[in-house]
Amino acid sequence: MEEKFVVLENRKLAKDIFEMKLSGNTKALKAPGQFINIKLEGFFLRRPISVCDWDEKSITIVYKVVGEGTRFMSELEKGAQLNILSGLGNGFDVKKCGGSPVLVGGGVGIPPMYGLAKVLVNAGKKPQVVMGFNSAEDVFYEKEFKALGIEPVIMTVDGSFGKKGLVTDGMKGLSCDYVCACGPEPMLKAVSELACDGQFSFEARMACGFGACMGCSCETKYGYKRICKDGPVLFKEEIKW
Amino acid sequence: MVDTSVILSGIKLDNPVIPASGTFGYGKEFAELYDINILGSFSFKGTTKEPRFGNPQPRIAECYSGMINSVGLQNPGVDAVSAKELKELATFFRKPVIANISGFSVEEFVDCAKIMDKEEQVGIIEVNVSCPNVHNGGMSFGVFPESAAEVTKAVKSAVNKPVYIKLSPNVTDITQIAKACEESGADGISLINTLLGMRIDINRRKPVIANKLGGFSGPAIFPVAVGMVYRVAKTVNIPIMGMGGVSRAEDVIEMMMAGAAAVQVGAANLVDPYACKNIIESLPGVMERLGIEKVSDIIGIVE
């Protein structure tokens, strides 16, 4: 699980949003929606970041600068070495997604939805995608989804890009039998109310990231679950909002 | 070949390295990564009589060289630990384990200890009278010599296995509390638990942790721990399990020189799941470099 990775590329995509490509051993990754936990020099705790895309030799993450740790990450240059715990969390259960699930991502919740969309497309499924941002300056990955053959519905709160409104407005008119979503918790809750069934990826403050410390436990209908180990993806039926 | 073994209340450990309670669960997350039979022993997640969900989120805050946790003794309850966790543990760990227990009344400590006393794999019962994260429980017993003595006496009279009392550093004089535990029959002392601490999110003007305060651990507290272990070791004649910020083999040696007969490793496990493995593997080399043949020879060697 612990691997050395090397930064191949680290570029700004949008306001405070960066994409980092890392080369290293990726065999611990099994499903879209899993995450990696990155050790940063000078910081005690690792930084858990969802995986956006991966192949046999590299991982792509898209992250937002929200504090000192992610600021430090954004300044890393090509060739920097990182100690990473890879393949953490459960990820999305692709088999349960049906033929045409709606994938909903809000802001920095979009990257894991890209990985999921790619896996679904490669399996011959036809996912629909709804992406939500605050404003035009925050928008990223439109081109990447289009390259998968998906025409994403893009929503901005202020209407400066795509359509004006929230992701829930963008879901109207789509058949939401099965929804997979990642984003802020209020968004997940609102999205789940429009979905017959689905999977939802949560964020939490965590220490270890591999199930030891109970720092990120949440209550579900079937007892407590650790977001890092039993999640971050939970099924609609088990979530206690 | 150097000798890393130590003896703790008659139990021989291959080495003095013991993952601390609350940082190692019931062992299974680490057993997926390496053979945890290399450990001296380990102290499992603090267990209470009733199941506990613990404190609200967020429970974790980062600090310089450390972290604050406010997990709040989340555990499935002693009956589930006995019926499920320890049955599973026996399938991948074959050494005696340290049962860390906590309670909200003397009776709860005793009930929990009695159940753990019957468990074949439990070698030592570690009584946590020092959790800073639960109200009216845990720590309130550990902050006065009288109440620490009361819990010690009650647990000792109810069980046969060795009893270690885990003490809080958040007290006026830890040596007096350790002394009270010794006089009440404790077989050993574990110290230190976390230091009470707080972080504030200056953007939101609010505490980072939902419970406001939590337990501070990590390398930043190591000197505090060494100092307290040293003072307690000069006060009592029972063995000490020293802990607090230990992250490398050199720290193990330092803690033992201060007076610890064995050393627990806590927060380091959470940032590096292989921390204990690395410490155990590097310990013989560090001993050779320092001219130590038997690690037990250095216990309390510092005057």
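**View 1. Helix α7 of chain B lies across three strands of the sheet in this predicted model**. The helix, which spans residues 249–258 of chain B, lies across β3, β14 and β15 of chain B, and the direction in which α7 runs makes an angle of about 135° with β15(B). A further helix of chain B, α9, made of residues 275–290, also packs on the sheet, where α9 touches β3 and β15 of chain B. The direction of α9 makes about 180° with that of β3(B).

**View 2. Seven strands of chain B are joined in an open, parallel sheet**. Read from one edge to the other, the order of the strands is β3-β15-β14-β9-β8-β7-β6, and the pairing is parallel. Strands β3 (17–19) and β6 (97–101) of chain B stand at the edges and have a single partner strand each, so one side of each is left without a neighbour in the sheet. From one strand to the next, the twist averages 25°.

**View 3. Strands β14 and β15 of chain B run parallel and are held as a pair by 3 bridges**. The strands shown here are β14, with residues 240–243, and β15, with residues 262–265, both of chain B. A single position can be followed in this view, since Met243(B) stands opposite Gln264(B) in β15(B).

**View 4. Chain B meets chain A at an interface to which both chains contribute residues**. On one side there are 32 residues of chain B, and these are in contact with 25 residues of chain A. Between them the two chains bury about 2,400 Å², with 62% of this area on carbon and sulfur atoms. Three residues, Ile60(B), Glu62(B) and Val271(B), supply 26% of the area that chain B buries against chain A, which is more than any other three residues supply. For the complex, the predictor gives an ipTM of 0.93 and a pTM of 0.94, while the mean pLDDT of chain B is 95, with 97% of its residues reaching 70 or more.

**View 5. Salt bridges and polar contacts cross the interface of chain B and chain A**. Across this interface there are 3 salt bridges, and one of the salt bridges there is formed by Lys229(A) with Glu32(B), whose closest N and O atoms are 2.9 Å apart. In addition, 10 residue pairs are in polar contact across the interface, with both residues at pLDDT 80 or more. On the side of chain B that touches chain A, at least two residues each are supplied by α1 (28–31), β4 (60–63), β5 (66–69) and α8 (268–271) of chain B. The largest share of that side, 4 residues, comes from β4(B).

Key. Residues are numbered from 1 along each chain as its sequence is written. Chains are lettered from A and ligands numbered from 1 in the order in which they are written. This is a predicted model: local features need pLDDT of at least 70, side-chain atom pairs count only at pLDDT 80 or more; totals for chains, interfaces and linings use all residues. Side-chain values use heavy atoms; hydrogens and water are left out. Two strands pair if DSSP finds at least two bridges between them. Axes are lines fitted to C-alpha atoms, for helices over the stretch in contact, and angles run from 0 to 180 degrees between N-to-C directions. Contact means heavy atoms within 4.5 Å. pLDDT is the predictor's confidence in each residue, from 0 to 100. Buried area is the accessible area (1.4 Å probe) that two parts lose on being put together, summed over both. A salt bridge is a side-chain nitrogen of Lys or Arg within 4 Å of a carboxyl oxygen of Asp or Glu. A polar contact is a pair of N or O atoms within 3.5 Å; within protein, one must be able to donate a hydrogen and the other to accept it, and residues adjacent in sequence count only if both atoms are side-chain atoms.
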